[in-house]
2 protein chains.
Amino acid sequence: MGQNLTLIIPVLGALGLVYTFWKTNWVIKQDPGTERMIRISNAIAEGAMAFLKAEYRVLAIFVLVVAVLLGISGSQDLKESSPLIGLSFIVGAFCSGLAGFIGMRVATKANVRTTHAARTSLGKALEIAFAGGSVMGLGVVGLGVLGLSSLFIIYSNMGWDLIKVITVVTGFSFGASSIALFARVGGGIYTKAADVGADLVGKLEAGIPEDHPLNPATIADNVGDNVGDVCGMGADLFESYVGAIVGTMVLGAAFIGVVGYENTNQFGGLNAVLLPMVLAGVGILTSILGTFFVRVKEGGNPQAALNWGVNGSSLIMIAASYFIITWMLPESWQYQDMLSTAPQTMTANGVFFATILGLVAGLAIGFITEYYTGTDKAPVMKIVHQSATGSATNIIAGLATGFMSTMFPVLVLAAAIMGSYYFGGLYGIAIAAVGMLSNTGIQLAVDAYGPISDNSGGIAEMSELPKEVRGRTDKLDAVGNTTAAIGKGFAIGSAALTALAFFASFVEVYNKTHPDSMISSINLLAPDVMGGLFIGSMIPLLFSALAMMAVGEAAMDMIKEVRRQFSDIPALKAALAVMRKNDGKEMEHWSQQDQKTFHDADGTAEYGKCVEISTKAALKRMVLPGLIAVVTPVVVGKFGGAEMLGGLLAGVTVTGVLMAIFQANAGGAWDNAKKMFEAGVEIDGKMYYKGSDPHKAAVVGDTVGDPFKDTSGPSLNILMKLMSVVALVIAPLL
Amino acid sequence: MGQNLTLIIPVLGALGLVYTFWKTNWVIKQDPGTERMIRISNAIAEGAMAFLKAEYRVLAIFVLVVAVLLGISGSQDLKESSPLIGLSFIVGAFCSGLAGFIGMRVATKANVRTTHAARTSLGKALEIAFAGGSVMGLGVVGLGVLGLSSLFIIYSNMGWDLIKVITVVTGFSFGASSIALFARVGGGIYTKAADVGADLVGKLEAGIPEDHPLNPATIADNVGDNVGDVCGMGADLFESYVGAIVGTMVLGAAFIGVVGYENTNQFGGLNAVLLPMVLAGVGILTSILGTFFVRVKEGGNPQAALNWGVNGSSLIMIAASYFIITWMLPESWQYQDMLSTAPQTMTANGVFFATILGLVAGLAIGFITEYYTGTDKAPVMKIVHQSATGSATNIIAGLATGFMSTMFPVLVLAAAIMGSYYFGGLYGIAIAAVGMLSNTGIQLAVDAYGPISDNSGGIAEMSELPKEVRGRTDKLDAVGNTTAAIGKGFAIGSAALTALAFFASFVEVYNKTHPDSMISSINLLAPDVMGGLFIGSMIPLLFSALAMMAVGEAAMDMIKEVRRQFSDIPALKAALAVMRKNDGKEMEHWSQQDQKTFHDADGTAEYGKCVEISTKAALKRMVLPGLIAVVTPVVVGKFGGAEMLGGLLAGVTVTGVLMAIFQANAGGAWDNAKKMFEAGVEIDGKMYYKGSDPHKAAVVGDTVGDPFKDTSGPSLNILMKLMSVVALVIAPLL
């Protein structure tokens, strides 16, 4: 029976992939609309694929070098397994890249088809956009479960002890995290350089909106949405998902050989190791089920439809978890971990509570996120008010909101850590992260739906479709924010818990492989631990600085290129002059001649040049932050020792969480403050709209928040896990 | 001999105070200038004193409540000593307040006298401004050494064991830190609300500079310089100084009873306890000596004069330290601290090296600070360039610079922690902080000289003195930046080391008072320690958020009040209209009538209203951040236990250091980027000056940086020490 269960897991993974192929084909069969729409969407798709190719070419070198290093670096007793760590690393990296690719490919098909559907029907448009998102969601979880369980089954049959099997599997997680970090940083730099550039052009060159076809940066901007928000997010969630599962497996291995544990379960003590994979596999089923709940009729509420899907499948998942956990784990057993002085009673119910605690904590962080960034909520209103006195007070308010917003999530997280430990020991902390992520399939479907509808709006604008089309896509775009906020809560919460699980695993593995110099404690009073803590805490700031500088400088290059095109391309120059002349007038009231001049400029902007700037900047500037993440733990571990490395991991996790929350929420709050002006907002009894001085101040805040929330912020979640998984992988070599 | 030495220390402290009285009288005897100047400076002095009175009234309540709580909270064996902890607390708070008062009183006398001297001579102006600063500097160190050593002598004669004596003395440090935190936060809110308000009025209401007599916020702005930069800084440095000394004393007490230690020194084993006080006392002498080096002739270089004073006395102090340390401590002895498993050899030379290491680390952090914030250096130039594309890119660049600037200081600090431990154990970490601060007297003299010359420039402007006067005061104001940067380096470095010393002391004292539940390790793997670490790390962000919100909102109130005055006061309204009419013209070319209208408005602005807004905001908004700092360790210690409290302290120290560096440097870099535009700067081959678009963008950055560098940033240094000293004080009660 144990063997059968093990074999069922990859089948569930494969099922996710089958869904993916089926939905992709469905999306492709939909009508892409007019010739102009197709041309634009092709330009976006080509730019995105070109970037992905260039990016993967760079990453392939990195992957090969690291794989070889992993393969040859094995100490005596790891000689036979370390080449396989290298192999796992390659497979993990490949799956992560593939997950991004699958998501992006369908996103670049779904966007224009959503636009076309929005010409007639909101429901149909939602269906297509969500189908695109669900391909991404199920692709990620399918690849994760299939890849991980396949490797586990193969390595289990090598005749090794379990700790070796799992150490080798850890390579998979390492590969996934590496690619995810590069994809997030690279994609983030790409999209924000283009976005900030396109935005500022509008302000500086007066009157050209971001998505306007005359804006040479507009294609780069839309490509960016795909490579950053879709592909980057896919790789990101893939690594979270895999990381949480692997972290739990490593800690689950500690139960093997515990007296009374082996005897009471049917898989030779392996259950705690298999449990996270089983939960993830069943999560694929519930996610697929959930996608069928998402339906909306014309005039219906898309938000309600998405909620139905996510909440429905979550509830099923919670119920399923209870049965799975109590079925797979013994009712109770005695276990003594490295923190306790006497054996403690562990129970299946305790593990279930830890899982639920993770879920509750993730939800809570999500709702707090929504409070601090939500339109009409007090924090955003404060930013709106402070915009009345200019951009400086807007910025101060946004930064303060971001700082403030760390308080409750951190309290929730501290409670979750202590609580899940109470219920399930170190294993409980790890499984809490799995609890948050078991529903990743549908959760990510909703997340990825966002950039697809955003993109479809851009295409509507560039194709000069009637206003009601943009209205429908905007309506699609506006919903799903709550789900996205909760997704962020899960991402941050699970990152913290997974990083801690890896941290504990690192010490377990180090002790197993260093019986003569076992670590009983990472003592904060020791100066090397404190030194490591200081250095680790600094890394997220350094990392953010590099990402922000990359965006700032690439955006400047972008602006210079756009200015050059505006002065060098005659047709563009003429169209611009005409636009200024007819400032604010609807186009139908322009003179015939002016309309002609304007339309003649169509397509003369050299979009490719802007795409190239973003591509180059992203590829060049993603390398250093990525290397810092991989190299630092190795250097500190080698020269400072395992305890200092422990300090480093704790530091990077804690500050990483804080900076991730701060940046995500400051960015989100600024964004929504700006959006409130676009809808019109009252300050001290006066109404302000788009174009007013307070709105301009709010645009500054939004621009500052862009690299925060879409480049450095989300990368930090990966950073902390990557650094701790590197420590885990090198633990036997220290 | 031991007894004599102990008695010499307070004499050295008293000597510092004698110097203070002597210099204060000298300053007062100088000519305060014209009647108009006297009127303005009186308005500033009155506003400042009024605020101080109001502030101290609030703080007196706080001090009394805490003192009573301390007095009655003693557990069984502390019954007799705990009222004296309360007493020490009151004395510490009083001395801290007094240090601020002395400094501010002389500053409000020295400013106008410096202005008057600047009408004729740069050298004389420097002499007065520096005399004002040196009163502050010597007042702080004099009070610190006198207060601390007197209490120590008194309590030593109570017949208690040493650990009890020192625990009681710790109350002095607690008192000093509490007042310092409130003074920094309150003063910081006051000054930045006024400054941001006055600044923005200039931008929003077009053409009224900060220091213009028609600007109703101008007096509040100048009062702010005194209550924030002078008084706040005095209380701040007082607490750093006292904290470093007390932290070292506590750890020095551990040497008592060490075999071989008592036998080889002449004060019954007390030397390690007395050493920091002796070093501080001798530092008073070298500081006084240093002040005599500061002289400049007309046409001379004020910077060189200040350097002479600081560097000269530093060198003497280093040499003196060597002789003092090798004289007071045994050549070597065996000691086993709580971190080591076997006794280790400690040496006097090692302790000296640790002291020097502290000094070197402080200097290094200072020079790094100067690099990241210095005019013409690469980071500031990058911000200047990014200002060309608007305020958003200016802000992104400044934030990135601030994040980036944490890297090297943190590496230096980690090395200093590990190195000073290597040389002198935990005691070495503490004495390294004393090494940085032994020269506080002259260091602070130079720091306080800054706001005095800044104020004198403001008075020159408001009194409409000839331009060359402002030129001279600007010249004075421009120098001393390097010294100030190094002062910041010392402040941050010593704060981190002192906080760690308190952290270690906390565990020592806890173990001494809880022999049944001794802590051998604060284990990062334990979930409660990790929870504490998370919560502690979040506190500096929460704290910063509260301070920034206070500044942002008070600045808005200020702006609204100024707008009201501009529309409600007819004379002001008329003068404003006349100013706009003659936009840019020198006043002598205005019509007679216009000149009259303008002068008629003189004094009609209701400065008092603006002073009141700042005062109220500061008093109201300083309470919550202060209470959080004091209450959090108590709550976490009581309900989470000593280990969780340990995690909390580590977290607040690490993130506190990072946030302090980030905020100080981002603020400093923005400030200097703005200043570069005022002098004129070339971007891409084009020159930009004051009033250009890039300059306006740079002003936004400067305004955002204001609360960073002058409100929340410097408060964080105090915060981390205050929280750890609270832990130390409550350790016996947990």
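The bend at a residue is the angle between axes fitted to the seven residues ending there and the seven starting there, and this sense of the word applies to the kinks described in the legends below, which all refer to a predicted model.

**Figure 1. Helix α6 of chain B, with a kink centred on Met233(B).** In α6(B) the kink amounts to about 25 degrees. The helix comprises residues 218-252 of chain B, and for these 35 residues a rise of 1.5 Å a residue predicts a span of 51 Å, with which the 49 Å between the end C-alpha atoms agrees. Because 35 of the 35 residues of α6(B) are buried, the helix is largely enclosed by the rest of the structure.

**Figure 2. Helix α16 of chain A around the kink at Ile539(A).** The kink in α16(A) is of about 25 degrees and lies shortly before the proline Pro540(A). At 1.5 Å a residue the 42 residues of α16(A) should span 62 Å, and the end C-alpha atoms, 61 Å apart, agree with that expectation. Most of the helix is covered, with 35 of its 42 residues buried.

**Figure 3. The surroundings of Ile539(A), a residue of helix α16 (residues 527-568) of chain A.** A residue is classed as buried if 20 or more other C-beta atoms lie within 10 Å of its own, and Ile539(A), with 27 C-beta neighbours inside 10 Å, therefore counts as buried. When its neighbours within four places in sequence are left aside, Ile539(A) is in contact with Ile628(A), Thr632(A) and Val652(A). Thr655(A) stands 116 residues from Ile539(A) in sequence, yet the C-alpha atoms of the two residues are 8.4 Å apart in space.

**Figure 4. Helix α3 of chain A, residues 82-118.** The end C-alpha atoms of α3(A) are separated by 53 Å, in agreement with the 54 Å that its 37 residues should span at 1.5 Å a residue. Of these 37 residues, 32 are buried, and α3(A) is accordingly described as mostly covered.

**Figure 5. Two loop residues, Asp684(A) and Asp376(B), with positive phi.** Asp684(A) is placed in the loop between β3 (681-683) and β4 (686-688) of chain A, and has a phi of about 45 degrees although it is not a glycine. This residue is exposed, with 8 other C-beta atoms within 10 Å. In chain B, Asp376(B) occupies the loop between α9 (348-373) and α10 (378-386); it is likewise not a glycine, and its positive phi is about 75 degrees. Asp376(B) has 10 other C-beta atoms within 10 Å and is exposed.

**Figure 6. Phe566(B) in helix α16 of chain B.** Phe566(B) has 19 C-beta neighbours inside 10 Å and thus counts as partly exposed. Val479(B) is 87 residues from Phe566(B) along the chain, and the C-alpha atoms of the two residues are separated by 36 Å.

**Figure 7. The contact between chain A and chain B.** Chain B contributes 68 residues to the contact and chain A contributes 69 residues. On the side of chain B that touches chain A, at least two residues each come from α5 (162-204), α11 (391-404), α12 (407-437), α15 (481-513), α16 (527-568), α20 (623-679) and α21 (693-730). The largest share of that side, 21 residues, is supplied by α16(B). By residue type, the side of chain B that touches chain A divides into 49 nonpolar, 17 polar and two charged residues. Since 100% of the interface residues of chain B are also interface residues in chain A, the copies meet through the same surface.

**Figure 8. The region of the axis that relates the two chains.** A turn of 180 degrees, with a shift of 0.1 Å along the axis, lays chain B on chain A with an RMSD of 0.1 Å. The two copies are thus related as by a two-fold rotation axis. In chain B, the C-alpha nearest the axis belongs to Asn523(B) and is 2.4 Å from it.

**Figure 9. Chain A as the setting for the close-up views of its helices and strands.** The secondary structure of chain A consists of 21 helices and four strands, and its C-alpha atoms fill a box of roughly 90 × 50 × 50 Å along the principal axes. For 734 residues a compact globule would have a radius of gyration near 27 Å, and the 25 Å of chain A agrees with this. Buried residues make up 66% of the chain. Among contacts in chain A between residues at least 6 apart in sequence, 84% join residues at least 24 apart.

Methods. Residues numbered from 1 in each chain as written. Chains lettered and ligands numbered in written order. Predicted model: local features only at pLDDT ≥ 70, side-chain atom pairs only at ≥ 80, totals over all residues. Least-squares fit on C-alpha atoms with pLDDT ≥ 70 in both. Contact = placed C-beta atoms within 7 Å. Nonpolar A, V, L, I, M, F, W, Y, C, P; charged D, E, K, R; others polar. Expected span 1.5 Å × (residues − 1). Buried ≥ 20, exposed ≤ 12 C-beta atoms within 10 Å, placed from the backbone. Rg over C-alpha atoms; globule rule 2.2 N^0.38 Å.
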